[in-house]
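Here are a few exercises to work through with the model open beside you. Try each task on your own before reading its solution.

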Protein chains: 2
Amino acid sequence: MLKRIDELRDSLSPAERRVAEWVLAHPREALASTLAELARKIGTSEPTIVRFCRRTGASGYSDMKLRLAEALSRPASYLHRDVAPGDSVGDAVMKVMDRSVHAILTMRDLAPNLPFEDAVAAMRGARQWVFCGLGASGDVARDACQKFFRLGVPSSAQTDTPSILQTAAVSGREDVLLMISHSGRWQDVARAQRQARENGAYVIAFTQPGSPMAGEASLCFECEVGEDASIYTPMSSRLAQLALMDALQVALALALGESANRNLQRSKQALGAA
Amino acid sequence: MLKRIDELRDSLSPAERRVAEWVLAHPREALASTLAELARKIGTSEPTIVRFCRRTGASGYSDMKLRLAEALSRPASYLHRDVAPGDSVGDAVMKVMDRSVHAILTMRDLAPNLPFEDAVAAMRGARQWVFCGLGASGDVARDACQKFFRLGVPSSAQTDTPSILQTAAVSGREDVLLMISHSGRWQDVARAQRQARENGAYVIAFTQPGSPMAGEASLCFECEVGEDASIYTPMSSRLAQLALMDALQVALALALGESANRNLQRSKQALGAA
DNA sequence: GAGCATTTTGTAGTAATACTACATCATTCT
DNA sequence: AGAATGATGTAGTATTACTACAAAATGCTC
């Protein structure tokens with residue numbers, strides 16, 4: 001339906017095209033509006049809108065709304081339009097949601113090519129895991145730490161530059177450092193990675209391919225999630241990173257087998273008792 | 001939606017139940033009918049049908065038809081298989097990814113019914129925003145704080161019981177507290193909410209409907225994301241919560257308009273310069 | 001470039017639809 | 001049995017979508 005409107009756009013008269021464009025930009029708000037309201041919002045007359053509806057194949061305005069409702073709920077509509085000033089709250093919310101879904105789907109498609117096996121192999125024998133990240137990635141690091149420590153291996157999160165540098169300085173042969181960054185362009189972190197590797201630690205980077213941090217890692221998860229173009233769409237890529245860490249933790253839990261299982265169960269019970 | 005009607009069935013009066021059953025049996029035909037036609041087909045009166053629609057959560061007959069149209073077009077959605085011992089690393093990773101996608105899709109479907117407008121209205125005039133959460137929800141709170149403070153309103157995150165209680169104690173008329181919890185069963189937090197409301201603060205809860213925390217809030221985002229059945233699938237629901245906060249932040253940014261925009265842009269530049 | 005023809009757009013009115021207030025009927029409880 | 005509560009339908013009203021028609025706007029011919 002949305003696709004259909006998009007196709008029609010060229011063959012429409014100016015006023016009807018304005019309708020088409022407005023509806024594509026604010027589908028949710030269109031759904032919530034009556035014919036008269038829509039006419040006012042778009043700045044045209046009611047019959048023009050009705051004529052537009054007919055052209056899309058609907059029998060009238062109400063029918064078009066029904067079809068639109070169907071189209072919006074179909075997950076196929078994730079061609080994510082950016083949030084724009086003037087969007088209704090409902091439209092903006094759905095656009096962000098679609099973007100989030102899209103980010104995770106992209107990561108899902110990427111996953112088969114990522115070196116999970118290697119990471120698991122490196123982590124399973126480690127003495128400790130250290131998760132490092134700055135800014136928003138710091139939250140990802142903390143979140144990951146929170147999850148991984150339940151597997152029974154000492155884990156910590158470092159979320160500022162001095163701490164990361166110090167951690168790298170004292171790291172040793174049996175440590176695994178997991179460096180999380182969206183851009184991969186923090187020179188200080190890249191330096192910390194080199195230092196850690198010189199100390200014999202294993203460094204896994206979760207960042208953009210070709211970046212300095214990717215270069216200074218023992219192993220890299222190349223996450224090229226489309227960057228957030230608009231200032232309104234904050235960090236949907238971070239969701240993808242979190243999902244990635246989830247997947248890694250589960251893979252690791254499976255590899256560790258019985259002992260990790262026991263620890264997981266215990267920490268769950270500890271929460272349940274509270 | 002269809003599920004909801006099915007659940008309601010027992011609590012309906014005889015005439016309304018006949019409506020429910022007919023709609024469940026012939027949903028497509030219901031969509032194509034007007035209110036009067038439906039009344040005739042079912043053998044009841046128009047107001048009975050309208051009352052039934054209201055009970056499903058819709059605002060009237062037209063709104064119910066829209067929701068029905070959405071429900072009918074939704075494919076049965078991602079059946080997520082659980083991770084099991086013996087899975088290969090690749091299998092496990094893909095299963096976790098599918099689960100993550102599922103969690104966000106569920107939240108996406110929930111979103112249109114959540115009170116974003118009310119939340120935005122309450123938050124836009126506030127003196128400060130405080131995000132509270134324990135455990136994994138604490139990370140969500142911190143993450144949210146990190147995002148929201150960029151809009152230019154003082155924000156903080158409280159992630160342990162004593163801090164939350166103290167914050168509630170000193171909160172006042174112009175403060176908005178956002179309480180995040182998966183279960184909603186932390187009595188201490190619920191107590192903090194009551195206290196804060198007595199002080200005149202506005203309390204928004206993001207938690208399960210019917211829980212103590214939901215009851216003690218000024219406004220509740222009812223997030224009933226299926227609980228993580230297996231110990232292997234950690235917190236995919238948390239992804240949904242994060243996506244929800246993203247959406248709220250964007251909606252808020254739009255409502256705040258120019259000033260928020262400027263602040264967002266500035267904080268982006270601050271990062272870019274580093 | 002004026003005048004006709006065609007398409008596009010808006011105005012005003014009409015028919016329908018959804019919704020509401022109220023009366024009637026059924027059911028339950030004292 | 002009779003009052004009280006709740007369920008259901010009737011009749012009326014206000015919206016809403018739609019239509020016929022007229023006014024602009026655009027394109028074409030001479």
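## Exercise 1: A salt bridge between chains

A search of the whole structure, which is a predicted model, turns up 33 salt bridges over all chains.

**Task.** Look at the salt bridge between Arg238(A) and Asp143(B): which helices do the two residues lie in?

**Solution.**

Step 1. Start with the pair itself: the side chains of Arg238(A) and Asp143(B) meet at 2.4 Å, N to O.

Step 2. Now place the partners. Arg238(A) sits in helix α13 (residues 236-256) of chain A and Asp143(B) in helix α9 of chain B, so this pair joins two chains.

Step 3. Check the surroundings: Arg238(A) and Asp143(B) are both buried.

## Exercise 2: Another partner for Arg238(A)

**Task.** Turn to Asp246(B) and Arg238(A): how far apart are the closest N and O atoms of this salt bridge?

**Solution.**

Step 1. The closest N and O atoms of Asp246(B) and Arg238(A) are 3.0 Å apart.

Step 2. Find the helices. Asp246(B) belongs to helix α13 of chain B and Arg238(A) to helix α13 of chain A, so here too the pair joins two chains.

Step 3. Ask how hidden the two residues are. The cut-off for buried is under 20% relative accessible area. Asp246(B) has 0%, so it is buried. Arg238(A), at 2%, counts as buried as well.

## Exercise 3: A salt bridge within one helix

**Task.** Arg191(B) and Asp188(B) also form a salt bridge. How many residues apart are they in their helix?

**Solution.**

Step 1. Their side chains meet at 3.1 Å, N to O.

Step 2. Both residues lie in helix α11 (residues 187-198) of chain B, and they are 3 residues apart, about one turn of the helix.

Step 3. Look at exposure. Arg191(B), with 42% relative accessibility, counts as partly exposed. Asp188(B), with 34%, counts as partly exposed too.

Step 4. Salt bridges can also link up by sharing partners: Asp143(A), Lys147(A), Asp246(A) and Arg238(B) are joined into one network that way.

## Exercise 4: Where the chains meet

**Task.** Describe the contact between chain B and chain A. Which helix of chain B gives the largest share of its side?

**Solution.**

Step 1. Count the residues: 65 come from chain B and 66 from chain A.

Step 2. Add the area. The two chains bury about 5800 Å² between them, with 68% of it on carbon and sulfur atoms.

Step 3. Count the links. There are 8 salt bridges between chain B and chain A. There are also 10 residue pairs in polar contact, counting those with both residues at pLDDT 80 or more.

Step 4. Find the helices on chain B's side. At least two residues each come from α3 (27-32), α6 (61-73), α7 (89-110), α8 (116-124), α9 (136-148), α13 (236-256) and α14 (258-273) of chain B. The largest share, 14 residues, is from α7(B).

Step 5. Sort chain B's side by kind: 39 residues are nonpolar, 9 polar and 17 charged.

## Exercise 5: Following Val96(A)

**Task.** Is Val96(A) buried or exposed? Which residues beyond its sequence neighbours does Val96(A) touch?

**Solution.**

Step 1. Locate Val96(A) in helix α7 (residues 89-110) of chain A.

Step 2. With 3% relative accessibility, Val96(A) counts as buried.

Step 3. List the contacts. Setting aside neighbours within four places in sequence, Val96(A) is in contact with Val83(A), Asp246(B), Ala247(B) and Val250(B).

Step 4. Take Val83(A) from that list: Val96(A) and Val83(A) are 13 residues apart in sequence, and their C-alpha atoms are 7.6 Å apart in space.

## Exercise 6: Two helices of chain A

**Task.** Which residues of helix α4 of chain A are buried? Which residues of α5(A) are buried?

**Solution.**

Step 1. In α4(A), residues 35-42, the buried ones are Leu35(A), Leu38(A), Ala39(A) and Ile42(A). Seen down the axis of α4(A), they fall within an arc of 100°, so they line one face of the helix.

Step 2. See what covers them: α2 (14-25), α5 (46-55) and α6 (61-73) of chain A are included.

Step 3. Move past the end of α4(A), where Gly43(A) follows with a positive phi, near 85°.

Step 4. In α5(A), the buried residues are Thr48(A), Ile49(A), Val50(A), Phe52(A) and Cys53(A). Their cover includes α1 (2-8), α2, α4 and α6 of chain A.

Step 5. After α5(A) comes Gly57(A), whose phi is positive, near 105°.

Key: Residues numbered from 1 in each chain as written. Chains lettered and ligands numbered in written order. Predicted model: local features only at pLDDT ≥ 70, side-chain atom pairs only at ≥ 80, totals over all residues. Heavy atoms only, no water. Buried < 20%, exposed > 50% of the residue type's maximum accessible area, 1.4 Å probe, protein only. Helix = DSSP H or I, 4+ residues; strand = E, 2+ residues; numbered from the N terminus. Arc of directions from axis to C-beta. Contact = heavy atoms within 4.5 Å. Buried area = accessible area lost by both parts, 1.4 Å probe. Salt bridge = Lys/Arg side-chain N within 4 Å of Asp/Glu carboxyl O. Polar contact = N/O pair within 3.5 Å; in protein donor to acceptor, adjacent residues only side chain to side chain. Nonpolar A, V, L, I, M, F, W, Y, C, P; charged D, E, K, R; others polar.
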